[in-house]
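Trainee: Got a minute to go through this one with me? I'd like to start with the cysteines.
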Amino acid sequence: MRVLGVDPGLTRCGVGVVDGTPGRALRMVAVGVVRTPSDAPTAERLLLIERGVEEWLDAHGPEAVAVERVFSQHNVRTVMGTAQASAVAILCAARRGLPVALHTPSEVKAAVTGSGRADKAQVGAMVTRLLRLDAPPKPADAADALALAICHLWRAPAQDRLLRARAATAPARAGTAARAAASGAPGVRRAARPADRGTPREDRAGQDRPEYRDREIRRDPA
């Protein structure tokens with residue numbers, strides 16, 4: 001499976017392509033950065049990112065795209081630019097009908113290094129080791145893009161199995177709920193049947209108790 005990882009950013013958008021399957025050696029296909037001038041209007045910068053991502057999709061033909069999930073930071077301006085770049089990458093993939101996966105930074109760090117709190121140096125070192133590179137990719141955005149692709153390659157099969165399992169059990173759960181509703185199981189409200197309304201207490205509690213039999217005997221002569 002071939003995955004394009006995208007580390008979104010308005011000034012530097014990291015991109016990396018990795019081939020591999022779980023349990024087998026990974027191979028880096030290409031890595032780089034799509035850059036935009038910081039003094040250019042935002043619309044022009046987003047257009048440059050769109051063109052850059054499209055070029056990578058054309059050149060390498062990935063089967064899936066993994067994008068870093070944007071999370072809240074103190075610098076709102078930085079978050080906005082990252083979110084806009086992320087949306088461009090998602091749009092490019094969707095235009096081609098490619099599946100898109102969003103992974104948080106902690107998920108990527110945990111998948112690659114075993115710790116969700118690893119720093120960029122640790123991520124770069126593990127990416128270098130896993131892909132058997134001579135040196136960590138530079139800048140860090142490029143290494144992060146490769147880490148995203150690796151994370152998706154390792155997590156996607158497990159996620160697919162989980163989704164298939166949920167889809168397979170959904171009809172069974174629906175049938176169980178329907179049967180529970182029909183039988184009046186605890187926790188399921190069942191509308192009272194006409195025969196239940198106005199029924200004497202002894203009929204509901206059980207007519208075999210002696211006091212109920214006596215009550216019936218006293219009532220019959222009347």
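Trainee: How many disulfides does the structure hold?
Mentor: Zero disulfides. Keep in mind that this is a predicted model.

Trainee: Why is Cys13 not in a bond?
Mentor: Distance. The closest cysteine sulfur to that of Cys13 is in Cys92, 9.4 Å away, which is too far for a bond. A disulfide needs the two sulfur atoms within 2.5 Å.

Trainee: And Cys92?
Mentor: Cys92 is in no disulfide either, with the sulfur of Cys13 as its nearest cysteine sulfur.

Trainee: Is Cys13 buried or exposed?
Mentor: Buried. Cys13 has a relative accessible area of 0%.

Trainee: What about the accessible area of Cys92?
Mentor: Cys92 is buried, with a relative accessible area of 0%.

Trainee: OK, switching to helices. At what angle do H3 and H4 pack?
Mentor: About 45°, with the axes 9 Å apart. H3 covers residues 105-113 and H4 covers residues 120-130.

Trainee: What do you call that arrangement?
Mentor: Oblique. The angle of about 45° is neither under 35 degrees nor in the 65 to 115 range, so H3 and H4 are oblique to each other.

Trainee: Is the crossing of H3 and H4 left-handed or right-handed?
Mentor: Left-handed.

Trainee: Which residues of H3 and H4 make the contact?
Mentor: From H3, Lys109, Val112 and Thr113. From H4, Gln122, Val123, Met126, Val127 and Leu130.

Trainee: How does the contact of H3 with H4 split by class?
Mentor: Five nonpolar residues, two polar and one charged.

Notes. Residues numbered from 1 in each chain as written. Predicted model: local features only at pLDDT ≥ 70, side-chain atom pairs only at ≥ 80, totals over all residues. Heavy atoms only, no water. Buried < 20%, exposed > 50% of the residue type's maximum accessible area, 1.4 Å probe, protein only. Axes fitted to C-alpha atoms, helices over the stretch in contact; angles between N-to-C directions. Helix = DSSP H or I, 4+ residues; strand = E, 2+ residues; numbered from the N terminus. Parallel < 35°, antiparallel > 145°, perpendicular 65-115°, else oblique. Left-handed = near helix turned anticlockwise from the far one by under 90°. Contact = heavy atoms within 4.5 Å. Nonpolar A, V, L, I, M, F, W, Y, C, P; charged D, E, K, R; others polar.
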